[in-house]
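Reader: Could you take me through one part of this model closely, please? I would like to look at the strand that gives the most to the main nonpolar core, together with what lies around it.

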Amino acid sequence: MGATDRNPQYYCPLRDRYINMGDADILVVSREAKEDQAKPDDPVAEANIVLRRAYNEEKDEVQEICDYFWDETEFHCFDQVFDAYQCTNILALVEDETAGMISYKKIDDTLYIVILNVYPEYQGQGIARRLINEALEQGRKQGCNTAKVATTNDDIPALCVYQKMGFRFTELLSGKVADHHGDELTGFAGIPVLDEIRLQRSLESATD
Ligand SMILES: CC(C)(COP(=O)(O)OP(=O)(O)OC[C@H]1O[C@@H](n2cnc3c(N)ncnc32)[C@H](O)[C@@H]1OP(=O)(O)O)[C@@H](O)C(=O)NCCC(=O)NCCS
């Protein structure tokens with residue numbers, strides 16, 4: 001499945017439209033102009049965003065979000081396979097609707113972030129930031145000293161989000177994702193999906 005026949009993954013404020021990754025592109029704007037941009041639907045009141053751990057009863061929500069964004073529940077990164085159902089899954093709920101999810105797994109003293117997704121209708125309102133902060137906080141409580149995440153070379157939004165949250169590049173595994181898939185996929189903005197990019201941050205300092 002290519003970038004243009006996947007579900008819409010992003011919201012385009014200039015066209016007020018939900019778009020898939022192949023139709024997405026980068027536009028540099030001032031931060032001030034960004035604040036003025038339309039939000040998908042009505043902006044959500046902070047108090048109406050609730051984070052809740054998904055237990056067995058919410059397995060369907062976990063499956064739904066994995067299917068919607070990834071068409072799979074197994075994720076290959078850090079030379080391992082992470083199964084979404086074996087991870088801790090935290091849902092972001094907005095007025096009882098699932099808006100997004102972060103999934104992580106603790107291995108020794110490291111917290112691996114495996115999935116992070118916010119549905120297009122709820123993007124741009126700080127939900128990913130809240131989900132990451134929650135995962136980092138849980139990691140600290142469980143005695144982790146490092147958080148790690150892997151993304152792909154095309155995923156400019158993810159690279160922005162994680163760097164803004166204090167993650168730094170540690171490794172570039174050139175061609176790793178292309179080798180795994182066996183053929184060349186196109187990703188965000190039509191960029192070929194080739195490399196695994198690993199980032200990490202210390203859990204010693206708090207995030208904002
Ligand atoms: C990437 C994604 C998780 C961001 O979720 P979100 O709730 O819209 O993100 P937030 O509003 O919490 O933004 C957090 C920060 O990242 C930045 N950011 C978010 N989306 C961005 C984008 N598309 N381009 C550049 N920066 C972006 C925000 O500007 C914000 O920084 P700020 O607080 O300094 O303004 C979401 O767009 C998504 O799930 N996309 C689907 C596609 C996908 O698979 N992404 C990979 C996820 S790892």
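Author: Happy to, and let's set the scene with the whole chain. In this predicted model, a compact globule of 208 residues would have a radius of gyration near 17 Å, and the chain has 17 Å, so the two agree. Along its principal axes, the C-alpha trace spans about 45 × 45 × 35 Å. Five helices and 13 strands make up the secondary structure, and 44% of the 208 residues count as buried. If we take contacts between residues at least 6 apart in sequence, 65% of them join residues at least 24 apart.

Now to the core and your strand. The largest nonpolar core has 49 residues, and those with the most contacts inside it are Ile102, Tyr122, Ile127, Leu131, Ile132, Tyr162 and Phe167. Strand β8, residues 110–118, gives the most to this core, with seven residues. Isoleucine 132 is a good place to see how the pieces meet: leaving out residues up to four places away in sequence, Ile132 touches Ile102, Leu116, Val161, Tyr162, Met165 and Phe167. Of these partners, Leu116 falls within the residue range of β8, while Ile102, Tyr162 and Phe167 are among the residues with the most contacts inside the core.

Let's walk to the beginning of the strand. Threonine 110 is placed in β8. With a relative accessible area of 9%, Thr110 is buried, because the cut-off for that label is under 20%. Beyond its sequence neighbours up to four places away, Thr110 touches Lys105, Cys144, Thr146 and Lys148.

Just before the strand comes aspartate 108, in the loop between β7 and β8. Here the picture changes: Asp108 is exposed, at a relative accessible area of 65%. Its backbone deserves a glance too. Most residues other than glycine have a negative phi. Phi of Asp108, however, is positive, near 55 degrees.

One loop earlier there is a related case. Glutamate 95 sits in the loop between β6 and β7, the latter covering residues 97–107. Glu95 has a positive phi of about 45 degrees although it is not a glycine, and with a relative accessible area of 56% Glu95 is exposed.

Cysteine 87 brings us back to β8 from another side. This residue lies in the loop between β5 (80–83) and β6 (88–94), and Cys87 counts as buried at 8% relative accessibility. Setting aside neighbours within four places in sequence, Cys87 is in contact with Ser103, Tyr104, Lys105 and Val114. Val114 belongs to the stretch covered by β8, and Lys105 is a partner of Thr110 as well. By comparison, glycine 190 is 103 residues from Cys87 along the chain, and their C-alpha atoms are separated by 30 Å.

For a contrast within a strand, try leucine 172 in β10, residues 168–173. Leu172 is exposed, with a relative accessible area of 56%. Apart from residues up to four places away in sequence, Leu172 touches Asp195, Glu196 and Ile197. The C-alpha atoms of Leu172 and Ile197 are 4.7 Å apart, although 25 residues separate the two in sequence.

Finally, a look at the outside: the accessible surface comes to about 11300 Å², with 45% belonging to carbon and sulfur atoms. The chain carries 21 positive and 39 negative side chains, and the centres of the two sets lie 7 Å apart.

Technical notes. Residues are numbered from 1 along each chain as its sequence is written. This is a predicted model: local features need pLDDT of at least 70, side-chain atom pairs count only at pLDDT 80 or more; totals for chains, interfaces and linings use all residues. Side-chain values use heavy atoms; hydrogens and water are left out. A nonpolar core is a set of buried Ala, Val, Leu, Ile, Met, Phe, Trp, Tyr and Cys residues joined through side-chain atoms within 4.5 Å. Buried means under 20% relative accessible area, exposed over 50%, partly exposed in between (1.4 Å probe, protein chains only). Helices (H or I, at least four residues) and strands (E, at least two) are DSSP runs, numbered from the N terminus. Contact means heavy atoms within 4.5 Å. The radius of gyration is taken over C-alpha atoms; the globule rule is 2.2 Å times the number of residues to the power 0.38. Accessible areas come from the Shrake-Rupley method with a 1.4 Å probe; for residues, only the protein chains shown count as cover. Lys and Arg count as positive and Asp and Glu as negative; His and the chain ends are not counted. The place of a charge is taken as NZ of Lys, CZ of Arg, CG of Asp or CD of Glu.
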